[in-house]
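Could you walk me through this structure, starting with its salt bridges and then moving on to the core, the empty spaces and the odd spots in the backbone?

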Amino acid sequence: MEEALNSSIDPACLQEPPLAIDVIKQLDPFELCLYSMLTFMSCISLLLYLEQCAFIYKSQSYPKRTTIIWISGAAPVITTMSCFGMWIPKAVMITDMTSNCYFSVVVYKVLVLMIEEFGGSKEFLKRFSGETFQINTGPCCCCCGCLPRVPMSRRMLFWLKLFALQYAILKTALSVLSVVLWTNGNFDLSDLEITGTSIWINPFIGVLTITSLWPVAIIFMNTNRFLRRLNIIPKYAMYQLILILSQLQTSIINILALDGTIACAPPLSSQARGSLLSQQLMIMEMFIITLVNRVLFRRTYETLSFEAHDSKADPQAAVLEHDV
């Protein structure tokens, strides 16, 4: 019994994540091939994104090109940061912070993109001013069918933008604060005590996330029928998929690592091994999403006049799109 107990508690399972050189020394031929393949996928994702940025910069006008570059960069940025986190386990806190801060801006940019497809805020208000918008959408109020429809106005649009923008600002500020506290030993994801900082910061970030996703969903649910020729539905689906994989999947893996479901594998503790598995999965998933986003965003189109958008009989005829 004692022998089984002693063998189950390896000293390495209680240590901090190892240095990069220690990880490299422990790699067997299969793991070395896996790491090399994932690194190659990360490099390809980054190169494809840079080429796409050059194309979008030449083919699109400001400010739409800036918005598209931000949105299409979510998957490559997460892939690159995950690759760094895979090779350097001690840097996972910083790489995760960078990915999350970037995606918090993407949430706002998705809302901005849908508005810009109508010609900007001014044209959007011309098209929808006075029309009532359905607000019982996810993730806040999808079950609240009793909520009334709200008329679109300049003030309403301002509040929708503000609720989406607050996540980009506060998420970045709280992430920087978390890293500062982590370097001082005051922030630990495994510390679930009421006196711990993570038990207060993480739920607050969760509330900010939900309140920022709601206005984006409101705009999408009420305008997507006018933008189908722009492939807005698959674009929005890719954005939602990145959200689920980068936030929900990572959280589930971290929880499984904290309760010991993901076993320790020296020199990696349970938490470090869970983080490694998360980084490796993220590289493969975001590589595929990068390829899909390249098909969706690497194209040019001409937006017709406002009168064409105002045609309710045939909203899909408002846009001419050309594959490249």
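Let's start with E117 and K64, whose side chains form a salt bridge with the closest N and O atoms 3.2 Å apart. This is a predicted model, so keep in mind that every value here is computed from predicted coordinates. The E117–K64 pair links distant parts of the chain: E117 is in the loop between α6 (92-116) and α7 (121-128), while K64 is in helix α4 (residues 64-72), 53 residues apart. Both partners, E117 and K64, are buried.

How many salt bridges are there in total? The count comes to five. Another one pairs R298 with E51, at 2.8 Å from N to O. R298 lies in the loop between α11 (270-297) and β3 (299-303) and E51 sits in helix α3 (residues 29-59), so this contact ties together parts that are 247 residues apart in sequence. R298 counts as buried, because its relative accessibility is 17% and the cut-off for buried is under 20%. E51, with a relative accessible area of 31%, is partly exposed.

For a local example, look at E123 and K126, which form a salt bridge with their closest N and O atoms 3.7 Å apart. These two residues are three apart in helix α7, so about one helical turn separates them. There's also a network: E51, R294 and R298 are joined by salt bridges that share partners.

Now for the nonpolar side of things. The largest nonpolar core has 66 residues, and F124, M152 and V216 have the most contacts inside it. Which helix gives the most to this core? That would be α6, with 14 residues. If you click on V216 and ignore residues up to four places away in sequence, you'll find it touching V107, V110, L111, M114, A164, Y236 and Y239. There's a second, separate core too, made of 12 residues, among them M41, M86, L268 and A272. Keep L268 in mind, as this residue turns up again in the linings below.

Helix α6 also holds T95. Is T95 buried or exposed? Its relative accessibility is 7%, so T95 counts as buried. Leaving aside neighbours within four places in sequence, T95 is in contact with M81, F84 and G85.

Next, the empty space. Rolling a probe the size of a water molecule over the atoms shows where such space is left. Four cavities of 30 Å³ or more turn up here, and the largest has about 60 Å³ of space. Its lining is made up of V23, Y35, G85, M86, P89, V92, L268, A272, S275, L276 and Q279. Two elements, α5 (74-87) and α11, give two or more residues to that lining. The largest share, four residues, comes from α11. By class, the lining of the largest cavity has eight nonpolar and three polar residues, with no charged ones.

Then there's the second largest pocket, with about 280 Å³ of space. Of its 15 lining residues, L27, E31, Y35, L268 and L276 are the closest to the centre. Here α2 (20-26), α3 and α11 each supply at least two residues of the lining. By class, this pocket lining has 11 nonpolar, two polar and two charged residues. Y35, L268 and L276 are worth highlighting in your viewer, since these residues line the largest cavity and are also among those closest to the centre of the second largest pocket.

Finally, a couple of backbone spots to check. Most residues other than glycine have a negative phi, and most peptide bonds are trans. Where is the cis peptide bond? It runs from Y62 to P63, with omega near 10°. You'll find P63 in the loop between α3 and α4. The other spot is N231, which isn't glycine yet has a positive phi, near 60°. N231 lies in the loop between α9 (198-223) and α10 (232-258). With a relative accessible area of 21%, N231 is partly exposed.

Notes: Residues are numbered from 1 along each chain as its sequence is written. This is a predicted model: local features need pLDDT of at least 70, side-chain atom pairs count only at pLDDT 80 or more; totals for chains, interfaces and linings use all residues. Side-chain values use heavy atoms; hydrogens and water are left out. A salt bridge is a side-chain nitrogen of Lys or Arg within 4 Å of a carboxyl oxygen of Asp or Glu. Buried means under 20% relative accessible area, exposed over 50%, partly exposed in between (1.4 Å probe, protein chains only). On a 1 Å grid over the protein atoms alone, a cavity is a set of points where a 1.4 Å probe fits but cannot get out, and a pocket is an open set with protein on both sides within 12 Å along at least five of seven lines; lining residues have an atom within 4 Å of a point. Grid points are joined across faces, edges and corners, and a volume is the space filled by probe spheres set on the points. Ala, Val, Leu, Ile, Met, Phe, Trp, Tyr, Cys and Pro count as nonpolar, Asp, Glu, Lys and Arg as charged, and the others, Gly among them, as polar. A nonpolar core is a set of buried Ala, Val, Leu, Ile, Met, Phe, Trp, Tyr and Cys residues joined through side-chain atoms within 4.5 Å. Contact means heavy atoms within 4.5 Å.
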